[in-house]
Amino acid sequence: MTQWLGALCIIAATTSIGFRWAKRYSERPAQLRQMKAALQALEAEIMYGLTPLGEACAHLARQTREPVSGLFAAFADELANGSSDARTAWETALSENWPRTALGRPEREVLKQFGSTLGQHDPLQQQKQIRLALTHLEREEAEARDEQRRNEQMIKSLGLLAGLLLALLLI
């Protein structure tokens with residue numbers, strides 16, 4: 001009886017691990033959509049509202065959900081402190097908030113490149129930089145959705161099957 005209970009616990013644990021691991025595959029496209037929406041809102045704030053960068057990012061932090069809101073809030077705080085230029089503030093905010101995201105290395109490079117142009121151009125040039133970043137993020141989102149389609153179900157099944165294998169080996 002206790003062997004069967006132990007086997008069920010092992011199967012439940014490995015299945016849970018598989019589902020948590022697979023969740024990252026579904027979070028990545030969702031977070032990319034959030035980031036794209038935030039950049040589009042930033043573009044509107046800069047172009048049409050003529051809002052200063054720090055203030056626009058503070059607005060975005062209130063309008064978006066985590067982890068994207070955390071990135072923009074940290075960036076706005078860095079700018080408000082006046083301790084650094086926009087590029088350094090963006091890189092600091094990105095470094096602090098990156099572990100909370102499900103985004104990958106390509107997205108980090110796109111956002112890092114985008115951050116290197118923040119606050120250095122007039123609104124029209126800044127709009128072009130935002131659109132360039134959006135184009136790159138759209139490509140990454142399509143890739144993330146494809147990766148999700150290929151891997152999410154497999155990882156869930158792998159968790160269950162690993163649990164079954166362990167349970168059978170231990171019984």
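**Exercise 1. How are helices α2 and α3 arranged?**

Task: Decide how α2 and α3 are oriented relative to each other in this predicted model, and state which residues make the contact.

Solution: The helices α2 and α3 are roughly antiparallel to each other. To see where this comes from, note that two packed helices are described by the angle between their axes and the distance between the axes. For α2 (residues 53-63) and α3 (residues 68-81), the angle is about 150° and the axes are 8 Å apart. Angles over 145 degrees count as roughly antiparallel, so the value of about 150° leads to the description of α2 and α3 just given. The crossing of α2 past α3 is left-handed. On the α2 side the contact is made by Leu-53, Gly-54, Cys-57, Ala-58, Leu-60 and Ala-61, and on the α3 side by Ser-69, Phe-72, Ala-73, Phe-75, Ala-76 and Leu-79. Sorted by class, the residues of this contact of α2 with α3 are 10 nonpolar, two polar and no charged.

**Exercise 2. Which rings pair with Trp-90?**

Task: Find the aromatic partners of Trp-90, and classify the geometry of each pair.

Solution: The whole structure, when searched, contains three aromatic pairs. In one of them, Phe-75 and Trp-90 lie 5.2 Å centre to centre with 85° between the planes, an edge-to-face arrangement. This pair joins distant parts of the chain, since Phe-75 belongs to helix α3 and Trp-90 to helix α4 (residues 86-97), 15 residues apart. The second partner is Phe-114, whose ring centre is 5.6 Å from that of Trp-90; the planes stand at 85°, so this pair is edge-to-face. Here too distant parts of the chain are linked, with Trp-90 in helix α4 and Phe-114 in helix α5 (residues 105-115), 24 residues apart. As a last step, the ring pairs can be followed from residue to residue, and they link Phe-72, Phe-75, Trp-90 and Phe-114 into a cluster.

**Exercise 3. Are Phe-75 and Trp-90 buried or exposed?**

Task: Use the relative accessible area to classify Phe-75 and Trp-90.

Solution: The cut-off needed here is that buried means under 20% relative accessible area. Phe-75 has a value of 0% and is therefore buried. Trp-90, at 0% relative accessibility, counts as buried because of the cut-off as well. Phe-114, the other partner of Trp-90, is also buried.

**Exercise 4. How does α5 pack against α4 and α1?**

Task: Compare the orientation of α5 relative to α4 with its orientation relative to α1.

Solution: Begin with α4 and α5, which pack at an angle of about 155° with their axes 9 Å apart. That angle makes α4 roughly antiparallel to α5. The contact is made by Arg-87, Trp-90, Glu-91, Leu-94 and Ser-95 of α4 and by Arg-108, Leu-111, Lys-112, Phe-114 and Gly-115 of α5. The classes in this contact of α4 with α5 are four nonpolar, two polar and four charged residues.

Turn next to helix α1 (residues 2-47), whose axis comes within 13 Å of that of α5 and crosses it at roughly 15°. The helices α1 and α5 are therefore roughly parallel to each other, and their crossing is left-handed. In this contact, Arg-28, Leu-32, Met-35, Leu-39 and Leu-42 of α1 meet Glu-107, Leu-111 and Phe-114 of α5. By class, the contact of α1 with α5 has six nonpolar, no polar and two charged residues.

**Exercise 5. Which residues does Glu-140 contact?**

Task: Locate Glu-140, classify its accessibility and list its contacts.

Solution: Glu-140 lies in helix α6 (residues 123-170). Its relative accessibility is 4%, so Glu-140 counts as buried. Apart from neighbours within four places in sequence, Glu-140 is in contact with Arg-28, Leu-32, Pro-106 and Glu-107.

Definitions and conventions. Residues are numbered from 1 along each chain as its sequence is written. This is a predicted model: local features need pLDDT of at least 70, side-chain atom pairs count only at pLDDT 80 or more; totals for chains, interfaces and linings use all residues. Side-chain values use heavy atoms; hydrogens and water are left out. Axes are lines fitted to C-alpha atoms, for helices over the stretch in contact, and angles run from 0 to 180 degrees between N-to-C directions. Helices (H or I, at least four residues) and strands (E, at least two) are DSSP runs, numbered from the N terminus. Angles under 35 degrees count as roughly parallel, over 145 as roughly antiparallel, 65 to 115 as roughly perpendicular and the rest as oblique. A crossing is left-handed if the near helix is turned anticlockwise from the far one by less than a right angle, and right-handed if clockwise. Contact means heavy atoms within 4.5 Å. Ala, Val, Leu, Ile, Met, Phe, Trp, Tyr, Cys and Pro count as nonpolar, Asp, Glu, Lys and Arg as charged, and the others, Gly among them, as polar. Rings of Phe, Tyr and Trp (its six-membered ring) pair if their centres lie within 6.5 Å; planes under 30 degrees apart count as stacked, over 60 as edge-to-face and the rest as tilted. Buried means under 20% relative accessible area, exposed over 50%, partly exposed in between (1.4 Å probe, protein chains only).
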